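Hi there,

Here is the structure I promised to pass on. Have a look at it first, and then read on for what turned up among the charged side chains.

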Amino acid sequence: RGTEKSPSLSGQMAFANLRWAHQPMGDGAIRFDAVDGGTRFDGWLLSGVDVHGTVTRRTGASLHARLALAQLQRALPALRLRRASGVVAADLDLPPGQGPESISRIDAAISWAQPLSIWPAQLPAAIEVRPARITLHDGELGVPNLVARAAGVQATIAGHVSIDPADTNRS
């Protein structure tokens, strides 16, 4: 369905026995449905990584993903985590267009509504990260209040960074 300039896909893609550095990462499957001038997709890339979204010539691309950290710990043992918990959500919207100027119009957000806990094997205690939302809008990266704690030490990051893909020296 669709035209040569605006193709649409239908079907399913399955991933079995995915591995990274010989370590099993799980299975995945994504279903594609043809929509007017594009494709809608829904499924999971691997255990604990759910994705869905749309891609059309008229409206651009939209991706929504959810990452369960406990699943990531099992899927990527090379990270050498003692423990990981929490869920991270990612949203990405790319308007229609071509070339580098369309990249500067990406809207993106990474957020978690409950605290995250990540315990790398090299550290004596877990790192706890309070709920937060990190955004990218109109070429500006925003981190309103990212707070991480471990073993009585706390770090807070807050601020905005302008990103200019046309002039990397100004970013």
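One term before the findings: a residue is called partly exposed when its relative accessible area lies between the cut-offs of under 20% for buried and over 50% for exposed. Please also keep in mind that this is a predicted model.

As a reminder, side chains of opposite charge can pair when their charged atoms come close. In this model, the count of salt bridges comes to three.

Let me start with Asp50. Its side chain forms a salt bridge with that of Arg66, at 3.4 Å from N to O. The two belong to distant parts of the chain: Asp50 sits in strand E4 (residues 49–56) and Arg66 in strand E5 (residues 60–68), 16 residues apart. Asp50 has a relative accessible area of 31%, so this residue is partly exposed. Arg66 is partly exposed as well, at 40%.

Next come Glu128 and Arg83, whose closest N and O atoms are 4.0 Å apart in their salt bridge. This pair also joins distant parts of the chain, with Glu128 in strand E10 (residues 127–129), Arg83 in strand E6 (residues 81–85) and their positions 45 residues apart. Glu128 is partly exposed at 35% relative accessible area, and Arg83 counts as partly exposed at 35% too.

That leaves Arg31 and Asp33, whose side chains meet in a salt bridge at 3.3 Å, N to O. Arg31 has a relative accessible area of 40%, which makes it partly exposed, and Asp33 falls in that class with 25%.

Happy exploring, and best wishes!

Notes. Residues numbered from 1 in each chain as written. Predicted model: local features only at pLDDT ≥ 70, side-chain atom pairs only at ≥ 80, totals over all residues. Heavy atoms only, no water. Buried < 20%, exposed > 50% of the residue type's maximum accessible area, 1.4 Å probe, protein only. Helix = DSSP H or I, 4+ residues; strand = E, 2+ residues; numbered from the N terminus.
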